[in-house]
Amino acid sequence: LEAHFSIIEKENGNQNGLIAVLHDVTEQERIEDERREFVANVSHELRTPLTSMKSYLEALADGALEDPEIAPRFINVTQNETERMIRLVNDLLQLSKMDSKDYQMNIATINLTLFTEQIVERFQMSTKNESILFKIKVPSKDVFIIGDRDKLTQLMDNILSNAVKYSPEGGTISCVVKEEKERVIVTIKDEGVGIPKENIPYVFDRFYRVDKARSRNLGGTGLGLAIAKEIVLAHGGNIWVSSDWGKGTAISFSLPYDEAVNEDEDDRTY
Ligand code: ADP
């Protein structure tokens, strides 16, 4: 805590007042530190693909372009790096929008049962070649929640794409939707590498990765779960992880479940 005192003096020199302003310096310093660290992280994350692209382009200019075997490989690397940078910038833009005060939510009633089935189906189609098995367990009746469809799609995409990224070939990914009294819980579980216990508290932090090189190789930006967390919080829910190193990971999030919405059929949109 930092205190600033101003003594109010009258023209005749008599003091008749004291103003004390108290600042929470630790909080300010913390925010400033976080901001500095964030800018350093962003710069580093952008410099890495740029440096790599520079050296591949130089090699192409120095003659690799004439080599019919090497040229396509080098061009492919620069394409991948460009795509990763675009993903990173998109993620950053999204986070910055969510940080701003006028964060817009397009709220509608959503059939979460159907919504989850559709998203898992889409992942099933797009990972056909990776022989990953998807299982889904939803309540037998339709469960409705109130939320922003695009943002919830992004939330599911981020969690499911991690599950796919960190899964072994032939692994199973299960998605379970469970109603509780006042909330619905969605759990996405994989049989992948898992997260060591000591790293679990940090996985929702911006740019945090358990294994930086592995995440980069898999095309990660280190922002997926940070964005997921912001989306869940904006919906009034919570997100958490349980994981066994080497065995698999389960990411769960909750969304408020409003009984009235589930009883009033007129309000529903699909
Ligand atoms: P990234 O783009 O690196 O995947 P995320 O923010 O999505 O970034 O995740 C942060 C880190 O959490 C990852 O780098 C990885 O170490 C860990 N992680 C997230 N999901 C999983 C998972 N399903 N299995 C194992 N590790 C995971």
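Start by selecting E182, D258, E259 and E263, which together form a negative surface patch. This is a predicted model, so every stop on the tour refers to computed coordinates. Within the patch, pick out D258: this residue sits in the loop between β9 (248-256) and α7 (259-263). D258 counts as partly exposed because its relative accessibility is 37%, and the partly exposed class runs between 20% and 50%.

**Whole chain**

Zoom out and colour by secondary structure. The chain has seven helices and nine strands. Its radius of gyration is 25 Å, well over the 18 Å from the globule rule for 270 residues, so the chain is more spread out than a compact globule. The C-alpha trace spans about 90 × 70 × 35 Å along its principal axes. Of the 270 residues in the chain, 37% are buried.

**Salt bridges in helix α1**

The structure holds 16 salt bridges. Side chains of opposite charge can pair when their charged atoms come close. Select E32 and R35 and show their side chains: the two meet in a salt bridge, at 3.1 Å from N to O. Both belong to helix α1 (residues 25-61), and because they are three residues apart there, about one helical turn separates them. R35 is partly exposed, with a relative accessible area of 46%. E32 is also partly exposed, at 32%.

Now add D33 and R36 to the selection. E32, D33, R35 and R36 are linked in a network of salt bridges.

**The pairs of R206**

Move to R206 and D99. These residues form a salt bridge, and their closest N and O atoms are 2.9 Å apart. R206 lies in the loop between β7 (183-190) and α5 (212-217), while D99 is in helix α2 (residues 70-99), so the pair ties together parts that are 107 residues apart in sequence. R206 has a relative accessible area of 25%, which makes this residue partly exposed. D99 is partly exposed as well, with a value of 44%.

Keep R206 selected and add E230. The side chains of E230 and R206 meet in a salt bridge, at 3.3 Å from N to O. This pair links distant parts of the chain: E230 is in helix α6 (residues 224-234) and R206 in the loop between β7 and α5, 24 residues apart. E230 is partly exposed, with a relative accessible area of 26%. R206 therefore has a salt bridge to D99 and another to E230, with a relative accessible area of 25% for R206 itself.

**A nonpolar patch**

Next, select F5, I7 and L18 and display the surface. These residues make a nonpolar surface patch of about 350 Å². L18 lies in strand β2 (residues 15-23). Is L18 buried or exposed? L18 is exposed, because its relative accessible area is 56% and the exposed class begins over 50%.

**A buried position in α1**

Return to helix α1 and select V42, which lies in this helix. V42 is buried, with a relative accessible area of 15%; the limit for buried is under 20%. Add V89 and check the C-alpha to C-alpha distance. V42 and V89 are 9.2 Å apart in space, although 47 residues apart in sequence.

**Two positive phi angles**

Finish with the backbone. Most residues other than glycine have a negative phi. Which phi does S131 have? S131 is not a glycine, yet its phi is positive, at about 45 degrees. Find S131 in the loop between α3 (112-126) and β4 (133-137). With 38% relative accessibility, S131 counts as partly exposed.

For the last selection, go to F207. F207 is not a glycine either, and its phi is positive at about 70 degrees. F207 lies in the loop between β7 and α5, where R206 was found earlier. F207 is buried, with a relative accessible area of 4%, whereas R206 is partly exposed at 25%.

Definitions and conventions: Residues are numbered from 1 along each chain as its sequence is written. This is a predicted model: local features need pLDDT of at least 70, side-chain atom pairs count only at pLDDT 80 or more; totals for chains, interfaces and linings use all residues. Side-chain values use heavy atoms; hydrogens and water are left out. Patches are made of residues with over 30% relative accessible area and no salt bridge: like charges are joined within 9 Å, nonpolar side chains (Val, Leu, Ile, Met, Phe, Trp, Tyr) within 5 Å. Accessible areas come from the Shrake-Rupley method with a 1.4 Å probe; for residues, only the protein chains shown count as cover. A salt bridge is a side-chain nitrogen of Lys or Arg within 4 Å of a carboxyl oxygen of Asp or Glu. Lys and Arg count as positive and Asp and Glu as negative; His and the chain ends are not counted. The place of a charge is taken as NZ of Lys, CZ of Arg, CG of Asp or CD of Glu. Helices (H or I, at least four residues) and strands (E, at least two) are DSSP runs, numbered from the N terminus. Buried means under 20% relative accessible area, exposed over 50%, partly exposed in between (1.4 Å probe, protein chains only). The radius of gyration is taken over C-alpha atoms; the globule rule is 2.2 Å times the number of residues to the power 0.38.
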